[in-house]
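I opened a fresh notebook page for this structure and kept my entries in the order in which I looked things up. What follows is a record of those look-ups.

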Amino acid sequence: MYRRWRNLVIVLGGLAVAVACAVNPATGGREFSLVSESQEVAMGRQGAEETLATIPLVADSAAQQYLRSVARGLVGVAERPNLPWSFYLLDDASVHAFAFPGGDIFVTRGILTHMNNEAELAGVLGHEIGHVTARHTATQISRAQLAEIGMAVTTIASPEVGSILGATVGQGLGLLFLKFGRDHEFQADQLGFRYMTRDDYDPRAMSSMFTMLQRQSAAGGGGRLPEWQSTHPAPENRVARNDQRVAAFQGTPDSMRLGRERFLRRLDGMVFGEDPRQGYFDGERFFHPGLRFRFVIPTGWQGSNQPASVIGVSPGKDAIVALAPAKGTSPSGALREFLDQEGIQAGPSSVSPVNGIPAATGEFTATTSQGTVTGVVQFVSYGGRLYRLLGYATPAKAAVYSAGLRQFVGSFASLTDPTALNRQPNHIRRVTLPRGMTLE
């Protein structure tokens, strides 16, 4: 046992020396990383695939191409140009942009439609590119892995440590919610400034973009992704820092690009705000014009249309209902598979249709790592798709919420109301004024 522990320490010590010798080309600092570039790319690709499976892209191919054209110029002046960079414009109303390790970067139409020019877009893209070139995700994962390795050394010192080294690979969409530290965010701002000025964009646009984020933070936002500013430092602090960078800049911002005209042409006609075609709440009623179904959550509950599901949460946060796509070929088969899971005790069930739609419904009690819950699950086959309606509560509240949960699973129905079916989103329209005038 002692020899195995000693050998492990020698291996880890050698590894630490090796990674300490690596210098990041973007930051110029010595880089600690247990994650190889190929692992970065693999993790990022999985995260990108899961994102694309749950959140639609903006259907306008010209808009996608425009985003990539701006990004290509920035990647061309950044470090690590040989990564498999990919850029996507998501059809989501939230004010958000994010990067996966390895070069997969996403921007929402929500943040795009609140910008004023191409230089502001370059600032956002440069910031996200900076997270990738600085290997911020790899650094965070490496630190977490080292902590796990250290724990393994001090507790069991076993060969299982080898599996810990690769345990983080394949986290997928969970990487989206990995928050960077304040230092990493400020460093990404600095790198974004570097890339946009190298590509001849006016760096003052980064300050105006941060000011816009500050306004949006105060107003609150929509969409199905977390707001961009929720995982970033306060915008007002970033404005001050960027103004300092501009003051020290050796170039001439007045002669650099804003790209306002090109940007506004591309923005003309784009959906603004929530797109009801992707589903929307009207009080407790949920309508999905695109998929032509409706249902109702319990009265007084808070509804939210998420990327992979639609949920409702009780005021006391002690019960939940959710609708999500399901796997399987039939409602009855999907129900059997659900009730056969380990930790689930099945109650009464039936295969009776709901509002004329093939369905299978069952009650259950489940034991989870957080405790026991009691609920009802229903699978319905509708429009060539299988859906799961799930509602559960803590045992102490099961009787209180029982009627509401049953109302929820019994409310799934076809959407036939022409008003709901024909509801359309708002669009940005560009109007050129015939002469100078005041807003009044």
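**Loops with positive phi**

I began with Asn355, which is found in the loop between β11 (344-350) and β12 (359-368). The model is a predicted one, and in it Asn355 has a positive phi of about 55 degrees although it is not a glycine. I then turned to Lys317, whose place is in the loop between β9 (310-313) and β10 (319-325), and noted that its phi is near 55 degrees, again a positive value in a residue other than glycine. Is Lys317 buried or exposed? I found a relative accessible area of 69% for Lys317, and because exposed means over 50%, I entered Lys317 as exposed.

**Salt bridges**

My search of the whole structure for salt bridges returned 17. One of them joins the side chains of Glu37 and Arg80, with 3.3 Å from N to O. I placed Glu37 in helix α2 (residues 37-54) and Arg80 in the loop between α3 (61-76) and β1 (86-90), so this pair ties together parts that are 43 residues apart in sequence. Arg80 also forms a salt bridge with Glu40, where the closest N and O atoms are 2.9 Å apart. Since Glu40 lies in helix α2 and Arg80 in the loop between α3 and β1, this second pair ties together parts that are 40 residues apart in sequence. On accessibility, I wrote down that Glu37 is partly exposed at 46%, whereas Arg80 counts as buried at 12% and Glu40 is buried at 1%.

I next looked up Arg238 and Asp189, whose salt bridge has its closest N and O atoms 2.7 Å apart. Arg238 belongs to helix α10 (residues 235-248) and Asp189 to helix α8 (residues 182-198), so the pair ties together parts that are 49 residues apart in sequence. Arg238 counts as buried at 1% relative accessibility, and Asp189 likewise counts as buried at 1%. Returning to shared partners, I noted that salt bridges join Glu37, Glu40, Arg80 and Arg135 into one network.

**Aromatic rings**

I then searched the whole structure for aromatic pairs and found 19. The rings of Phe286 and Phe293 have their centres 6.4 Å apart and their planes at 35 degrees, so I listed the pair as tilted. Phe286 is buried, with a relative accessible area of 0%, and Phe293 also counts as buried, at 2%. Which residues form one aromatic cluster? I listed Phe281, Phe286, Phe293, Phe295, Tyr382, Tyr387, Phe408 and Phe412.

I also checked for charges over rings, and found the charged end of Arg241 over the ring of Phe186, 3.7 Å from its centre. Arg257 lies over the face of Tyr201, at 4.0 Å from the ring centre.

**A sheet and a surface patch**

I traced an open sheet of four strands in the order β5-β6-β7-β15, with antiparallel pairing. The edges are β5 (280-282) and β15 (413-414), each with a single partner strand, so one side of each is left without a neighbour in the sheet. Three bridges join β5 to the antiparallel strand β6 (residues 285-288), and Tyr280 stands opposite Phe287 in β6.

My last look-up was on the surface, where Val431, Leu433 and Met437 form a nonpolar patch with about 320 Å² of accessible area together. Within this patch, I placed Leu433 in the segment after β16 (426-427).

Methods:
Residues are numbered from 1 along each chain as its sequence is written. This is a predicted model: local features need pLDDT of at least 70, side-chain atom pairs count only at pLDDT 80 or more; totals for chains, interfaces and linings use all residues. Side-chain values use heavy atoms; hydrogens and water are left out. Patches are made of residues with over 30% relative accessible area and no salt bridge: like charges are joined within 9 Å, nonpolar side chains (Val, Leu, Ile, Met, Phe, Trp, Tyr) within 5 Å. Accessible areas come from the Shrake-Rupley method with a 1.4 Å probe; for residues, only the protein chains shown count as cover. A salt bridge is a side-chain nitrogen of Lys or Arg within 4 Å of a carboxyl oxygen of Asp or Glu. Helices (H or I, at least four residues) and strands (E, at least two) are DSSP runs, numbered from the N terminus. Buried means under 20% relative accessible area, exposed over 50%, partly exposed in between (1.4 Å probe, protein chains only). Rings of Phe, Tyr and Trp (its six-membered ring) pair if their centres lie within 6.5 Å; planes under 30 degrees apart count as stacked, over 60 as edge-to-face and the rest as tilted. A charge sits over a ring if NZ of Lys or CZ of Arg is within 6 Å of the ring centre and within 35 degrees of the ring normal. Two strands pair if DSSP finds at least two bridges between them.
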